[in-house]
Amino acid sequence: MIRSHGAGTLRASDAGSRVTLAGWVSSRRDHGGVAFIDLRDSTGVCQVVIRDEDVARTLRPESCVRVTGEIEIRPEGNDNVEIPTGAIELMSDEVEVLSESAPLPFGVDEYTEVGEEARLKWRYLDLRRPVMQSNLRLRHRVAMAVRMFLDQHGFLDIETPMLTKSTPEGARDYLVPSRVNAGHFFALPQSPQLFKQLLMVAGFDRYYQITRCFRDEDLRADRQPEFTQIDIETSFLSADEIMSLMEEMIRGLFKTVNNVDLPNPFPRLTYADAMF
């Protein structure tokens, strides 16, 4: 067994338990004969107490370690109300370095400003930063909320091809040469327009997918070559019905993900007002 618990799952009720954690050294604090490290994994952070100075001295930030010991309640006045595990600490008696970190090109804490070029070069470190972890978890919650809503309203999630025929749309296509048909090319879809219309004609009343789209065009503030969109198509719905359905989805999305209440119904402009 590599680990018995997630670092962020432990609470005061676990005091007295012997546990094994595995994760990354987020920070280290030496206090003369004893060292404290914050051990981080995908579930959160747990403070680990290490009394072996020789071991503690080797633990660089972002080294991957496995730690075993007993959970204890922190001494009175030393608890940390800022984190869910702040009432406890792990008194380690076994520390194994699974992967030693080299000196870091930049810190992965939330306070370090990092240039885009460095972030892209060291992408795996960039993705450890709290803001990036938060962004990806938010994206996951949004996608799950959308899928649950559309499933409840009878929409089928149908995957459409990526290698397809070029169709005239708003930008140039990305072309992929065919190995088995010399001189011929596939196009990457700018959107699944052709396929969702095919699905409607075939009798699939309600379709959606969270899909990648590709457009060979110059970068602008609101444009990029590759992006994700929620693609939806329905049959036998009026304009008001589809707008009401999408408003309901967006209201539910904001409430579920960010606990934000949006107006019901959304304000609507007439064509004349919008063009004024």
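The following conversation goes through a predicted protein model, one question at a time.

Biologist: What should I know about the numbering and the kind of model before we begin?

Modeller: Residues are numbered from 1 along each chain as its sequence is written, and side-chain values use heavy atoms, with hydrogens and water left out. The model is predicted, and local features need pLDDT of at least 70, side-chain atom pairs count only at pLDDT 80 or more, while totals for chains, interfaces and linings use all residues.

Biologist: How many helices and strands does the protein have?

Modeller: Helices (H or I, at least four residues) and strands (E, at least two) are DSSP runs, numbered from the N terminus. Counted in this way, the protein has seven helices and ten strands.

Biologist: Is the protein a compact globule or more spread out?

Modeller: The C-alpha trace spans about 70 × 55 × 40 Å along its principal axes. The radius of gyration is taken over C-alpha atoms, and the globule rule is 2.2 Å times the number of residues to the power 0.38. For 276 residues that rule gives 19 Å, and the radius of gyration of the protein is 26 Å, well over this value, so the protein is more spread out than a compact globule.

Biologist: What share of the residues of the protein counts as buried?

Modeller: Buried means under 20% relative accessible area, exposed means over 50%, and partly exposed lies in between, with a 1.4 Å probe and protein chains only. Of the 276 residues of the protein, the share that counts as buried is 33%.

Biologist: How many disulfides does the count come to, and why do C46 and C64 not form one?

Modeller: A disulfide is a covalent bond between the sulfur atoms of two cysteines, and here the rule asks for a pair of cysteine sulfur atoms within 2.5 Å. The cysteine sulfur closest to that of C46 belongs to C64, and at 15 Å it is too far for a bond. C46 is buried at 0% relative accessibility, and C64 is also buried, at 17%. By this rule the count comes to zero disulfides.

Biologist: Which residue forms a salt bridge with E62?

Modeller: A salt bridge is a side-chain nitrogen of Lys or Arg within 4 Å of a carboxyl oxygen of Asp or Glu, and in this pair the closest N and O atoms are 2.7 Å apart. The pair links distant parts of the chain, 66 residues apart, with E62 in the loop between α1 (53-57) and β4 (64-73) and its partner in the loop between α3 (123-126) and α4 (130-152). E62 is buried, with a relative accessible area of 4%, and the partner is buried with 19%. That partner is R128.

Biologist: What is the phi of E62?

Modeller: E62 is not a glycine, although its phi is positive. The value is about 75°.

Biologist: Which residue meets R268 in a salt bridge?

Modeller: R268 lies in the loop between α6 (239-258) and α7 (271-275), and its partner, 21 residues apart from it, lies in helix α6. R268 counts as partly exposed at 40% relative accessibility, whereas the partner counts as buried at 9%. The N to O distance is 3.2 Å, and the partner is E247.

Biologist: Which residue does a cis peptide bond join to N264?

Modeller: The omega of this bond is about 0°. The residue joined to N264 lies in the loop between α6 and α7, and that residue is P265.

Biologist: Is N259 buried or exposed?

Modeller: N259 lies in the loop between α6 and α7, and its phi is near 55°, a positive value in a residue other than glycine. Its relative accessible area is 54%, and N259 is therefore exposed.

Biologist: Which residues does A56 touch, leaving out those up to four places away in sequence?

Modeller: A56 is placed in helix α1 and counts as buried at 2% relative accessibility. Contact means heavy atoms within 4.5 Å. With residues up to four places away in sequence not counted, A56 touches R28, A35 and I50.

Biologist: How many salt bridges does a search of the whole structure find?

Modeller: One of the pairs is D261 with K255, where the closest N and O atoms are 3.2 Å apart. R119, R123, D126 and R129 are linked in a network of salt bridges. For the whole structure, the search finds 19.
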